[in-house]
Every structure is written in C-alpha cells, then in structure tokens.
Amino acid sequence: MEMTVRREQDTPALVVPSPVVRLFPRVANPHTSGSVVPTAKSTIFDEDWWLSAATDGKIERAEVRWDNAVVGSLNYYPITRMRMRKIVLPPYTRILTPRLAPPGDKAVTVQANSTRIIRELLEQIGRFDLYATTFPLNNELIHSFQLNGATATVKGSFLSPAGDTVESVLAGMNQKTRNIIRQASNRIGIEVHTDIDRLIRVSSLHHGKNDRNRYDILHKLWVEIASRNRGRIMSAVDPWSRDIAACVVIWDARKAYYWLSARRDDDLGRKANPVL
C-alpha cells in the first residue's frame, strides 16, 4: 500500500509513495547539512549513492539537532516549475522518508517528539508550494505528518512474503490471470541479465513520441546498482529471441522491489508482463 499526505498553502501542506505527503510550511530557514540518522529501516532509495545518481548530485538535506545530537534528518529534492517551488521524489525513487531518533521512554513521549522533529525539519526546508513523498505502509511517521497539518491517502500495492514460491503465487491468483500465464509461457522465454539498454529499447518503442522517461538518469542509477550487485533485469523473448517485455528487480538488505517494467504494445507483449 502507499500513502499520500497533503496540506494546503497557508494551511501548511505535504505529500508522501507507499505513503505520500504534501506540505506548505510558512517558515523559511536555511537548512544545515550533516550525517544521516542511522536507522534499520532504511531502503535502497535512501542511500547516498542512489540519491546522488537520481538527482545528478542535487539532493539536499535538512537536519535537526537537540543538545548537539542529531535527532532527525530529511533528504529532499527541490525543483521549480512555473514559478512554483516543489519538493518531489527524485526520478525513479519509489520511497523516501525522514530518519528520526526521537528521545523518550514512553510511546506518548516518542510520538510528541517525533511530531516536533517533523515540524522542525519542514521549517528547515524553507518556503515551498508542494512537498510530495512516499512512505512504506504503516510507517510510524505518518501520524506525525498528519499532526503537522497534512492529510494522508492510501494507494494500492502489495508485499509478498519471503517464503513465497512460484507454485504458491500461482495458486493464489485469479483463475483468468493464471491461465494467461500458463498459455503464454509456452510461447515466451525468460532471460536474466544486466543489460539495461534492452529494457530501454522496449520502453522507448512502446512510448514513442510521448516518452517522458529520463533514460540518462536511469543509466546512471543502473551503473551504481549493477556495481553493487543490487539488481537484475528479466526479459521476456518471443520464439525468434526478440525482446517483447522486461522488468527490473532491485533489492536492499530487507526487501526486493519490482522497480521498472516495459513491454511491446501487442498481444504477446501484454501477456508477457504477467509471466514476468
């Protein structure tokens, strides 16, 4: 699942994907840079190398210190569109959340401190017209954003247990989807590789003149991903070994993500996606 949080201007607003948050703070203070608060819940999208590649080095960071200790940090990506300053997710980044270390021995104290830290982080960002980001489902910070005037909306997603097998996934599917996969599997081959250009070719053919993908950034990200052995590409090929669809799976220490997909715009291409 995904959640989005919003807040209107002058009623300050904020947005977050698996949660999304939108915000318009009133205070404009310069941000300070520093080390990120360690957290066991960091994802591949939070890592410095990812954010640098996805933004061409234009990622910024707000940081809150209490008694000279870092209690919160927030990576953010500001852009300007039609004279509006927006804080948005970097390209190809699915989740991006603050990192907090709120003090407190009781749950109510931790919640109150988290809410205060979020407020101070948003003030560090300065004036903006829109803030949008995505949280993992059930992220404990969503409530802190809501207490700072944001609203949250949920989008559909899914999380597959680590013990899932091909057989258990097929057994839990809709019968029609299961039939499509079984029939298409007789005509489609699957290749696992690291050649991102194969996916890009399929994607650019599918989108044509309406293609808004940032393939330059995608290339930079894939170089970093592949060098760290953090991803693989799966391509579906027809009986003549021509690519008809592709998807990319990336991972961190906790989860694997179905990150990108592309397909040929024909009947076999549409059936290849469920197979992948």
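Q: How many of the eight residues of helix H1 are buried?
A: This is a predicted model, so let's stick to what it shows for residues 48-55. The buried residues of H1 are Trp49, Trp50, Leu51, Ala53, Ala54 and Thr55. Helix H1 is largely enclosed by the rest of the structure because the buried count is six of the eight.

Q: Which strands are included in what covers the buried residues of H1?
A: The cover includes a helix, H7 (215-227). As for strands, it includes E3 (69-81), E10 (243-251) and E11 (256-263).

Q: What kind of aromatic pair do Trp50 and Trp259 form?
A: The structure holds seven aromatic pairs. For Trp50 and Trp259, the ring centres are 5.4 Å apart and the planes sit at 65 degrees. An angle over 60 counts as edge-to-face, so this pair is edge-to-face.

Q: How many residues apart in sequence are the parts that the Trp50 and Trp259 pair ties together?
A: Trp50 is buried at 0% relative accessibility, and Trp259 is buried too, at 4%. Trp50 lies in helix H1 and Trp259 in strand E11, so the parts tied together are 209 residues apart.

Q: Which ring does the charged end of Arg116 sit over?
A: Look for the ring centre 4.1 Å from that charged end. The ring belongs to Trp66.

Q: Over which residues does pLDDT stay under 50?
A: Overall, the mean pLDDT is 83, with 84% of residues at 70 or more. Where pLDDT is low, the predicted coordinates should not be read in detail. That caution goes for the stretch with pLDDT under 50, despite its 176 contacts beyond four places in sequence: residues 4-40.

Methods. Residues numbered from 1 in each chain as written. Predicted model: local features only at pLDDT ≥ 70, side-chain atom pairs only at ≥ 80, totals over all residues. Heavy atoms only, no water. Buried < 20%, exposed > 50% of the residue type's maximum accessible area, 1.4 Å probe, protein only. Helix = DSSP H or I, 4+ residues; strand = E, 2+ residues; numbered from the N terminus. Contact = heavy atoms within 4.5 Å. pLDDT = per-residue confidence, 0-100. Phe/Tyr/Trp six-rings, centres within 6.5 Å; stacked < 30°, edge-to-face > 60°. Lys NZ or Arg CZ within 6 Å of the ring centre and 35° of its normal.
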